[in-house]
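This report walks through one protein model, from its pockets to a handful of single residues. Please keep the structure in view while reading.

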Amino acid sequence: MANSDSPEPATSSTFSLTIPRIAIRRTSSDTQLDKVQIKSASVYNIHGLSGSQHSLSVPPIHKDVIGYRGSNEFILTDDKQSMMDQIRSIGPWFRRKCKNVCRRKILYKRVPVLNWLPKYSADDAVGDLVAGITVGLTVIPQALAYSSIAGLPAAYGLYGSFVGCFVYILLGSCKDVPMGPTAIASLLTFQACDGVWQRAVLLCFLTGLIELLMGLFGLGFLIDFVSGPVSSGFTSAVSLIILSSQVKDLLGIAAKGNTFIEQWSSIIDDIHNTQLGDALMGFICIVVLLLMRLLPRIKVGPPDACDQSTVQKIINKSLWLIGTARNAIIVVVCGAIGAAFYENGKEPFRMIGDVPSGLPSVQAPPFSVPEIADGNGTVVQEYESFGDMLQGLGSMLIVIPLIALLENIAICKAFADGKPVDATQELIAIGVSNIANSFVQGYPGTGALSRGAVNNASGVRTPFGGLYTGLLVILALLFFTPYFFYIPRAALAAIIIAAVIFMIEVRVVKPMWRSKKTDLIPGIATFVACLALPLEYGILVGIGLNILFILYHAARPKIHMDQAVTPCGVKYLMLTPDRCLIFPSVDYVRNLINKHGLKSQIPVVIDCTHIYGADFTAAQVIDTLIKDFKSRNQLLLFLNLKPSVGNVFEGADLEYRVFYDFEQLDKAIRECRRKSIPA
């Protein structure tokens with residue numbers, strides 16, 4: 001293979017060519033030769049004939065060739081191996097993989113806690129404590145609500161809200177991800193399990209297992225098919241959906257719906273039942289939260305902390321603490337207000353209500369559903385074997401892990417601040433978390449965007465904040481459930497709304513418009529589809545549009561055209577495609593080359609420098625192209641054809657001529673022009 005710059009139009013008569021050492025390796029089924037360094041080489045003419053034979057000529061190098069500028073990088077290798085050689089290489093390959101897995105670098109990459117724990121500081125502890133408690137207070141009512149969406153008793157939402165937090169501390173790579181049930185996962189669980197808790201717990205186990213296997217096999221790259229515009233559209237739409245889902249609690253009305261349109265349609269139908277107390281508390285909390293959000297930005301005294309007095313430092317720290325802990329402060333204050341009204345026999349706000357107490361028993365997930373009959377002997381729930389349960393779960397075993405990964409990565413990307421997101425590690429983390437949750441009777445969960453926004457807004461510093469969230473859920477189950485009864489739903493709705501309102505990525509539209517306007521199409525389409533359709537369909541619309549754009553660009557490569565002149569004065573046309581030759585694009589490339597060839601009626605050279613791959617369809621079309629040029633006695637030559645592409649052409653029995661040196665190319669053009677015969 002060779003890399004060569006296309007010759008520029010002849011404006012000067014002096015050019016230089018420099019070609020370094022060439023490494024050639026030949027492999028046969030019986031023996032393998034070592035690399036042979038050829039220091040004097042400049043020409044590689046490979047003639048593909050109707051048979052499988054081809055020739056390689058290596059004449060002495062010519063340091064100064066008039067009229068051309070060549071590449072200074074060239075390595076020609078032949079890495080073909082027999083089947084026995086490939087089988088023998090499996091053992092060494094497996095040993096290398098095992099050795100790499102046991103390296104310290106891999107350990108630190110797959111157990112992220114080893115990276116941040118040695119650098120853990122007192123400031124980190126304060127931030128994590130405040131954020132963990134705040135998220136914990138948000139998790140409890142959300143878990144109860146999500147349990148009803150999943151069609152399960154209220155306790156099951158809490159059961160899946162603490163063990164995953166502990167696991168994620170060890171394996172999670174994003175500080176803002178709070179593991180637990182989500183609205184999407186709850187809805188998909190209901191569709192798959194129909195309110196049977198045994199199915200839900202088994203679904204949690206199998207979902208976690210699939211996610212773990214996807215992570216171990218490095219399938220986190222699947223998230224790379226979600227581009228930046230699609231991710232922004234998805235994140236913005238989800239933020240609006242979350243905001244809309246909290247409006248009913250903010251106004252104290254009853255509203256249902258899974259999509260944005262359904263939610264607002266239901267809100268409008270029931271808006272006349274708005275409760276004044278809930279609405280008043282909710283809007284006041286939003287205003288207070290937005291104002292408290294500005295407190296950490298206020299600095300008393302000099303900008304440099306070293307120049308501040310002790311009093312100024314205390315004031316600044318207090319302002320930071322109040323601003324960071326604003327969500328927890330709102331919950332405590334509003335809970336006290338709710339308790340005061342309730343004790344006086346008044347209920348101006350809708351409260352969280354009773355929270356079941358007691359920890360779940362630790363046991364293996366159920367692999368069958370027992371038969372249950374009522375007092376009259378009527379079978380209420382039929383027996384299901386493991387096979388029946390699997391058949392009932394169906395495609396949800398694939399859909400839920402993928403949606404969980406998308407939700408989790410949406411949080412990571414939203415708060416990554418430009419840092420790379422390790423999707424494979426996130427798959428491992430949420431997979432192990434779900435497996436652990438299934439042993440305490442939890443149903444599938446992942447990182448929730450609403451809680452992630454609360455977590456980030458509360459000043460979380462590391463994944464260690466999940467410890468306090470999990471402990472708070474445990475304490476709530478054991479001791480404190482009566483006190484959470486008084487927390488108004490409107491206050492929690494205000495916390496979520498004040499957090500997710502900043503997640504709507506309007507700011508990316510302007511730079512996207514300036515850089516590449518067509519990127520707005522999949523972004524806006526994803527945004528609209530996620531609002532109008534269920535989220536899983538909305539994200540598929542965005543991914544599908546991205547794939548269509550990719551296929552279109554693959555089918556329409558650009559071809560750079562230069563009209564050049566050899567040192568002897570013969571004009572020829574240099575055409576340089578900018579990408580691989582594959583089946584969607586070859587007819588388009590053939591038509592363009594034929595068009596330019598017919599128009600110029602001079603020799604045509606196809607520079608294959610950027611063609612790193614080809615398929616059988618491409619070989620057939622190139623064969624037709626060669627015959628087109630041959631039928632009109634026009635010269636068609638190839639330059640810098642990669643060996644891998646040449647192998648494809650050889651397999652299709654193409655007759656073509658390829659050159660890796662401008663001197664030999666010049667010679668071939670002169671000879672063919674003199675003889676006036678096709679190449």
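## Pockets and their linings

Seven helices are involved in what follows, and each of them gives at least two residues to the lining of the largest pocket: helix H5 (122-149), helix H8 (183-193), helix H10 (228-251), helix H11 (260-270), helix H18 (449-457), helix H20 (489-500) and helix H23 (535-555). The model is predicted. Nearest the centre of the largest pocket lie Tyr146, Ile149, Ala183, Ser245 and Lys248.

The second largest pocket draws on other parts of the chain. Helix H3 (104-110) and helix H4 (113-116) each contribute at least two residues to its lining. Ser173, Cys174, Lys175, Lys419 and Pro420 lie nearest the centre of this pocket.

The table sets out the two pockets.

| Pocket | Volume | Lining residues | Nonpolar | Polar | Charged |
|---|---|---|---|---|---|
| Largest | about 1,200 Å³ | 48 residues | 25 residues | 14 residues | nine residues |
| Second largest | about 710 Å³ | 24 residues | 11 residues | four residues | nine residues |

## The chain as a whole

The protein chain has 27 helices and 12 strands. It runs to 679 residues, and 49% of them are buried. Its accessible surface is about 33,000 Å². Carbon and sulfur atoms hold 62% of that surface.

How much of the contact set joins residues 24 or more positions apart? Among contacts with a separation of 6 or more, such pairs make up 76%.

Confidence varies along the chain. The mean pLDDT is 78, and 85% of the residues reach 70 or more. Helix H7 (residues 163-171) has the highest confidence, at 93, while strand E2 (residues 36-38) has the lowest, at a mean of 35. Over residues 1-78 the pLDDT is below 50. Even there the model places contacts: this stretch has 182 of them beyond near neighbours in sequence.

## Three buried residues

Start with Leu188, in helix H8. Is this residue buried or exposed? Leu188 counts as buried because its relative accessibility is 2%, and the cut-off for buried is under 20%. Its contacts, not counting residues up to four places away in sequence, are Met396, Val399, Ile400, Ile403 and Glu536. One of these partners, Val399, is 211 residues from Leu188 in sequence. The two C-alpha atoms are 8.6 Å apart in space. Helix H8 also helps to line the largest pocket, with at least two residues.

Next comes Gln198, in helix H9 (residues 197-216). This residue has 5% relative accessibility, so Gln198 is also classed as buried. Which residues does Gln198 contact, leaving aside its neighbours within four places in sequence? They are Pro366, Ser368, Val369, Pro370, Gln381 and Met389.

Pro178 sits in a loop, between H7 and strand E4 (179-180). Its relative accessibility is 7%, so Pro178 counts as buried. Leaving aside neighbours within four places in sequence, Pro178 is in contact with Val135, Thr446, Gly447, Ala448, Arg451 and Gly452. Pro178 and Ile411 are 233 residues apart in sequence. In space, their C-alpha atoms are 9.6 Å apart.

## Two residues with positive phi

Most residues other than glycine have a negative phi. Two loop residues here have a positive one.

Gln441 has a phi near 65°. This residue lies in the loop between helix H17 (423-438) and strand E7 (446-447). Is Gln441 buried or exposed? With a relative accessible area of 11%, Gln441 is buried.

Asn633 has a positive phi of about 55°, and is not a glycine either. The loop that holds Asn633 runs between helix H25 (616-631) and strand E11 (636-639). Asn633 is exposed because its relative accessible area is 54%, and exposed means over 50%.

How values were computed
Residues numbered from 1 in each chain as written. Predicted model: local features only at pLDDT ≥ 70, side-chain atom pairs only at ≥ 80, totals over all residues. Heavy atoms only, no water. 1 Å grid on protein atoms, 1.4 Å probe; cavity = no way out; pocket = protein on both sides within 12 Å on 5 of 7 lines; lining within 4 Å. Points joined across faces, edges and corners; volume = space filled by probe spheres on them. Helix = DSSP H or I, 4+ residues; strand = E, 2+ residues; numbered from the N terminus. Nonpolar A, V, L, I, M, F, W, Y, C, P; charged D, E, K, R; others polar. Buried < 20%, exposed > 50% of the residue type's maximum accessible area, 1.4 Å probe, protein only. Contact = heavy atoms within 4.5 Å. Areas by Shrake-Rupley, 256 points an atom, 1.4 Å probe, with all protein chains shown as cover. pLDDT = per-residue confidence, 0-100.
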